[in-house]
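Dear colleague,

I am handing over the structure below for you to look through before we next talk about it. What I found in it follows underneath, arranged by topic.

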Amino acid sequence: MAIIVDLDVQLARRGMSVGEFAKAVGITPANVAVLKNGRAKAVRFSTLDAICRVLDCQPGDILRRVPDAPE
């Protein structure tokens with residue numbers, strides 16, 4: 001199972017740069033890159049709330065689960 005972060009899709013839809021998004025959310029551009037590249041191991045609910053507030057979206061708009069391929 002993999003959790004995919006579609007943050008880049010939402011940023012592109014809004015024409016928002018990583019820098020301005022990071023500033024609005026209150027995290028570093030490096031942490032935005034970690035989220036976008038799928039390297040994050042966890043996300044605080046307060047950060048997820050801030051992301052959704054800035055992007056005016058729901059958590060399901062930026063997070064999705066992709067099941068593993070059957071063996």
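Buried, in this message, means a relative accessible area under 20%, whereas exposed means over 50%. With that cut-off, the buried residues of helix α4 are Thr 47, Leu 48, Ala 50, Ile 51, Cys 52, Val 54 and Leu 55, and these residues pack against α1, α2, α3, α5 and β2. Please keep in mind throughout that this is a predicted model, and that what I report has been computed from it.

The chain as a whole

The secondary structure comes to 5 helices and 2 strands, and along the sequence these elements follow the pattern β-α-α-α-α-α-β. The radius of gyration of the chain is 12 Å, close to the 11 Å that the globule rule gives for 71 residues, so the chain is as compact as a globular protein of that length. The C-alpha trace spans about 45 × 20 × 20 Å along its principal axes. Of the 71 residues in the chain, 28% are buried. If one takes the contacts between residues at least 6 apart in sequence, 65% of them join residues at least 24 apart.

Helices α2 and α3

How do the axes of α2 and α3 cross, and within what distance do they come? Helix α2, residues 18-25, and helix α3, residues 29-36, have axes that come within 9 Å and cross at roughly 105°. Since angles of 65 to 115 degrees count as roughly perpendicular, α2 and α3 are therefore roughly perpendicular to each other. On the α2 side the contact involves Val 18, Phe 21 and Ala 22, which meet Pro 29, Val 32 and Lys 36 of α3. The residues of this contact divide into 5 nonpolar, no polar and 1 charged.

Leu 11 in helix α1

Leu 11 is found in helix α1, residues 7-14, and counts as buried because its relative accessible area is 3%. Setting aside its neighbours within four places in sequence, Leu 11 is in contact with Met 16, Val 18, Phe 21, Lys 36 and Leu 55. Among these partners, Val 18 and Phe 21 also take part on the α2 side of the contact with α3, and Lys 36 on the α3 side, while Leu 55 is one of the buried residues of α4. The C-alpha atoms of Leu 11 and Phe 21 are 7.9 Å apart in space, with their positions 10 residues apart in sequence.

The cysteines

Why does a search of the whole structure find 0 disulfides? The cysteine sulfur closest to that of Cys 52 is in Cys 57, 4.1 Å away, which is too far for a bond, given that a disulfide needs a pair of cysteine sulfur atoms within 2.5 Å. The reverse holds as well, since the closest cysteine sulfur to that of Cys 57 is in Cys 52, at 4.1 Å and too far for a bond. Both residues are buried, Cys 52 at 10% relative accessibility and Cys 57 with a relative accessible area of 9%.

The loop after α4

Asp 56 lies in the loop between α4 (45-55) and α5 (59-62), and it follows α4 with a positive phi, near 50°. I draw attention to that value because Asp 56 is a residue other than glycine. At a relative accessible area of 68%, Asp 56 is exposed. The C-alpha atom of Asp 56 is separated by 9.8 Å from that of Gln 10, although the two residues are 46 apart along the chain.

Asp 6 and Arg 65

Is Asp 6 buried or exposed? Asp 6, which lies in the loop between β1 (2-5) and α1, counts as buried at 16% relative accessibility. Not counting residues up to four places away in sequence, Asp 6 touches Asp 61, Ile 62 and Arg 64. Arg 65, by contrast, counts as exposed at 51% relative accessibility, and this arginine is found in strand β2, residues 63-66. Between Arg 65 and Arg 44, which are 21 residues apart in sequence, the distance is 18 Å from C-alpha to C-alpha.

With best regards

Terms used: Residues are numbered from 1 along each chain as its sequence is written. This is a predicted model: local features need pLDDT of at least 70, side-chain atom pairs count only at pLDDT 80 or more; totals for chains, interfaces and linings use all residues. Side-chain values use heavy atoms; hydrogens and water are left out. Axes are lines fitted to C-alpha atoms, for helices over the stretch in contact, and angles run from 0 to 180 degrees between N-to-C directions. Helices (H or I, at least four residues) and strands (E, at least two) are DSSP runs, numbered from the N terminus. Angles under 35 degrees count as roughly parallel, over 145 as roughly antiparallel, 65 to 115 as roughly perpendicular and the rest as oblique. Contact means heavy atoms within 4.5 Å. Ala, Val, Leu, Ile, Met, Phe, Trp, Tyr, Cys and Pro count as nonpolar, Asp, Glu, Lys and Arg as charged, and the others, Gly among them, as polar. Buried means under 20% relative accessible area, exposed over 50%, partly exposed in between (1.4 Å probe, protein chains only). The radius of gyration is taken over C-alpha atoms; the globule rule is 2.2 Å times the number of residues to the power 0.38.
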